[in-house]
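Colleague: I should like to learn how one reads the fold of a protein chain from its coordinates. Would you take me through an example?

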Amino acid sequence: MAAEGCGFEKTFTFTSLPSRKFTFLQDRETLSFLMKWSMLGRLSAQAFSFDQSFFPYNSENFAHCFFTDSNVVSILKKVETKAWVPFGKTVKSVKVEVVSCSKVSVDLFDPIYSCGILRPSGQIVKCFHEVYPDYDELRQMLLDEESEHYPVITPEERQEFLFRLFKHLCLGGELCQYEETIEPYIHTTKQIYKDLISVQKDRETKKISVVTTVLKVSAFDESEPYFPGRPEEEEQTFAYLIVDPFKRHVILMYHIYGIGDFSF
């Protein structure tokens, strides 16, 4: 789905929330993993408030207003020739995908533990690959539809934001040092997901449910992808708008593929 301009729809106005801190960008253990995976300094999260009621049906309009809002544009940066630069250009249109986000636990990953991807110790099983000598069954399951383990995660579960986040972390950045065991990936996915997603408990049933709407977004200058980059060239360049409709808060989380920082 794509949208150009706010038209006759409501115009959203955004205000930065610098006081909103993210645990995963401050916790030393998480930062050390991001550095190891070549994502440190390239994975970013910023929070904003907005002034109108949000509903998923107006996601395109919401995203376009976000990327053309002066308060947003003055803060955002992107990478060009390996350097962070101001957002700069005027966004003409946006592409938006509403991402399923319903999981309140990491049970989704349970099948990975019993299908042959891992040893009983949690160690990831290595496998042969013609291009990548240090390859393993986990990445094969994530990337190769022909893998015998690919079906252990259903097509519906693969669309979940929780799984997408896990996949992004497992694949990492340009100089990613892959883990020998799965636990760092699960632990970090859980921490980041908890940091980003809002839930509520039903007073009668006590059931916990997600109230957040997640939008995968890209912004275009004329007809060319401009932010966060060119996702058709590298799926590890991505951006999500994570919307809490009750608090009227939105988090922009994005990652630009490349060589991450070597210290924090």
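The questions below go from the whole chain to single residues of this predicted model.

Colleague: How many helices and strands does the protein chain have?

Modeller: The model is predicted, and local features are described only where pLDDT is at least 70. The secondary structure of the protein chain comes to seven helices and 14 strands.

Colleague: Which radius of gyration does the protein chain have, and why does it agree with a compact globule?

Modeller: The chain has 264 residues, and a compact globule with 264 residues would have a radius of gyration near 18 Å. The value for the protein chain agrees with this, because it is 19 Å.

Colleague: What percentage of the contacts with a separation of 6 or more joins residues 24 or more positions apart?

Modeller: A contact here requires heavy atoms within 4.5 Å. Among the contacts with a separation of 6 or more, residues 24 or more positions apart account for 72%.

Colleague: Which element gives the largest share of the largest nonpolar core?

Modeller: In soluble globular proteins, nonpolar side chains tend to be buried together. The largest nonpolar core holds 46 residues, of which Phe161, Phe166, Leu196 and Met253 touch the most other members. Elements that give two or more residues to this core include helix H1 (28–36), helix H7 (183–196) and strand E14 (249–255). The largest share, eight residues, comes from H6.

Colleague: Why is H6 described as largely enclosed, and how many of its residues are buried?

Modeller: A residue counts as buried when its relative accessible area is under 20%. The buried residues of H6 include Phe161, Arg164, Lys167 and Cys170. H6 is largely enclosed by the rest of the structure because the number of its residues that are buried is 11 of the 11.

Colleague: Which residues does Phe166 contact beyond its neighbours within four places in sequence?

Modeller: Phe166 is among the residues that touch the most other members of the largest nonpolar core. Leaving aside neighbours within four places in sequence, Phe166 is in contact with Phe109, Ile112, Leu138, Leu142, Ile182, Tyr185, Ile186 and Thr189.

Colleague: Is Ile197 buried or exposed?

Modeller: Ile197 is found in the loop between H7 and strand E9 (199–201). Beyond four places in sequence, its contacts include Cys101, Phe161 and Val214. Its relative accessibility is 11%, and the cut-off is under 20%, so Ile197 counts as buried.

Colleague: How far apart in space are the C-alpha atoms of Lys216 and Ile242?

Modeller: Lys216 is found in strand E11 (residues 213–221), and Lys216 is partly exposed, with a relative accessible area of 26%. Its contacts beyond four places in sequence include Lys95, Arg164 and Tyr240. Lys216 and Ile242 are 26 residues apart along the chain, and their C-alpha atoms are separated by 8.7 Å.

Colleague: Which peptide bond is cis, with omega near 5 degrees?

Modeller: One of its two residues, Pro228, lies in the loop between strand E12 (224–227) and E13. The cis bond, with omega near 5 degrees, runs from Phe227 to Pro228.

Colleague: Which residue in the loop between E9 and strand E10 (208–210) has a positive phi although it is not a glycine?

Modeller: The residue in question is exposed, with a relative accessible area of 54%. Its phi is about 65 degrees. The residue found in that loop is Lys206.

Colleague: What is the phi of Arg248?

Modeller: Arg248 lies in the loop between E13 and E14 and is partly exposed, with a relative accessible area of 30%. Its phi is positive in a residue other than glycine, with a value near 60 degrees.

Definitions and conventions. Residues are numbered from 1 along each chain as its sequence is written. This is a predicted model: local features need pLDDT of at least 70, side-chain atom pairs count only at pLDDT 80 or more; totals for chains, interfaces and linings use all residues. Side-chain values use heavy atoms; hydrogens and water are left out. Helices (H or I, at least four residues) and strands (E, at least two) are DSSP runs, numbered from the N terminus. The radius of gyration is taken over C-alpha atoms; the globule rule is 2.2 Å times the number of residues to the power 0.38. Buried means under 20% relative accessible area, exposed over 50%, partly exposed in between (1.4 Å probe, protein chains only). A nonpolar core is a set of buried Ala, Val, Leu, Ile, Met, Phe, Trp, Tyr and Cys residues joined through side-chain atoms within 4.5 Å.
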